Structures are given as C-alpha cells and as structure tokens.
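The following report looks at how two helices meet and at the nonpolar cores of a predicted model. Please keep the sequence and the structure in view while reading.

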Amino acid sequence: MYTPPSQPITLSRDCDCIEIPSGARSTLKSGSVVRILQSLGGSYTISTNTGAMVRIDAKDADALGLSSPAAAQPEAPASLSEESIRAALKTVFDPEIPVNIVDLGLVYSSALTSLPAGGSKIEVKMAMTAPGCGMANVLKADVEGKLSRLPGVSEVHVEVVFDPPWTPARMSAAAKLQLGLDTDYDTQDPSLRVL
C-alpha cells in the first residue's frame, strides 16, 4: 500500500535522527523542511529537502508539530507467551518498507525460556533485507526495546544473522500483496517459513 508523502513540515527545533540506510546518527536543524513518508512502529521515516531519508523517533514528534503517539502504543499483554512475542515483533517496522519485520520474513526464530532466578529470556534470530544494511543495529535495538517491555521478561538477546540470506520468498503473502509483488514464490521449502 503506497502512502503519499505528507505536506511539507518545517522543524520547530533541532532534532536527532538516523540516516537511512547507513544508520549514521545526525541532527536535522531547526527550520529544515521535511515530509513524513511513513509513521509506523513508534518512529517516523522522513524525506528531507535535500532528498535524504532519515528516521526520527516518536519522542521528537513535537519537532514535527505532532503530539507524541504514546497513546497509540498497543496495550501490554497480561501474560508472556509466544503469541505476545509475535505481536510485539509485529510492531517493529523496516524504515524503508511499510511492512513489519515478521511479515517481511526478517524474523527467523524466537525462543522463550524461563530463567532459574525467575523471569524469562527471549532469544531472537533475525536478518536484514541486505547484508550491509546500516539499519541492523537500529532494528535490533527496536526489537530489544519492544520485547523487554513484555511482562516477566528479564533478558532479551537479538542476533542478526546472514545465513540463510533473506529473500523476498520469506515474506508473508499479505506483505507481498501490500508491496505489489508476485505471490508465486516457492513456499514449500520449510527453511522459508515465516515466524
């Protein structure tokens, strides 16, 4: 589904951002003219007046003239389960593609284990759409942050893996349809299972 860019917005103050796709941190200056390309998962993907694409966190929504979307965050589940982990992972979005990381097929596995001292540990293996993606640490931190807020979670470990390499065949049918891709990829291979 294509979302047209917003109307031009003039930043009301300096604002920290992350450059896409390099992952480098920088600052957009007050008075910069930007457009919102996507607002998903608690962050904004922005196009600057120079044509660069950056990500701004929800905590800086006021610089865009918006109120913080904290009220729009999903309610925490009452208990920890595989379903609540999957639901939390579906709130993490690739900043360049308006699809969550589960439907993109970036999450290869998740494991929930009880810890002897109490609490639970979640381990996730995930990939990037390209091996040299500079946003790997950003998405990894997003996953760690979302999972660490689940009830009873004491530890979260996220590993970015490159084997097997990600391909569009890993995407869910819904994601392929949303992006206008051919849905006839070979999905009989069990290694292409979407979490």
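In this predicted model, the axes of helix 1 and helix 2 come within 9 Å of each other and cross at roughly 140°. Since angles over 145 degrees count as roughly antiparallel and this crossing is at roughly 140°, helix 1 and helix 2 are therefore oblique to each other, and their crossing is right-handed. On the side of helix 1 the contact is made by Ile-85, Ala-88 and Leu-89, while helix 2 brings Val-143, Lys-146 and Leu-147 to it. Sorted by class, the contact of helix 1 with helix 2 holds 5 nonpolar residues and 1 charged residue, with no polar ones.

The largest nonpolar core has 27 residues, and those that touch the most other members are Leu-89, Ile-101, Met-126, Val-143 and Leu-147. The elements that give two or more residues to this core are listed below.

| Element | Residue range |
|---|---|
| Helix 1 | 82–89 |
| Strand 7 | 107–114 |
| Strand 8 | 120–126 |
| Helix 2 | 136–148 |
| Strand 9 | 153–160 |

Of these, helix 2 provides the largest share of the core, with 4 residues. Leaving aside its neighbours within four places in sequence, Val-143 is in contact with Leu-89, Val-92, Ile-101, Met-126 and Val-158. A second core, separate from the largest one, consists of 14 residues, among them Ile-9, Cys-17, Val-54 and Ile-56.

Note on methods:
Residues are numbered from 1 along each chain as its sequence is written. This is a predicted model: local features need pLDDT of at least 70, side-chain atom pairs count only at pLDDT 80 or more; totals for chains, interfaces and linings use all residues. Side-chain values use heavy atoms; hydrogens and water are left out. A nonpolar core is a set of buried Ala, Val, Leu, Ile, Met, Phe, Trp, Tyr and Cys residues joined through side-chain atoms within 4.5 Å. Buried means under 20% relative accessible area, exposed over 50%, partly exposed in between (1.4 Å probe, protein chains only). Contact means heavy atoms within 4.5 Å. Axes are lines fitted to C-alpha atoms, for helices over the stretch in contact, and angles run from 0 to 180 degrees between N-to-C directions. Angles under 35 degrees count as roughly parallel, over 145 as roughly antiparallel, 65 to 115 as roughly perpendicular and the rest as oblique. A crossing is left-handed if the near helix is turned anticlockwise from the far one by less than a right angle, and right-handed if clockwise. Ala, Val, Leu, Ile, Met, Phe, Trp, Tyr, Cys and Pro count as nonpolar, Asp, Glu, Lys and Arg as charged, and the others, Gly among them, as polar.
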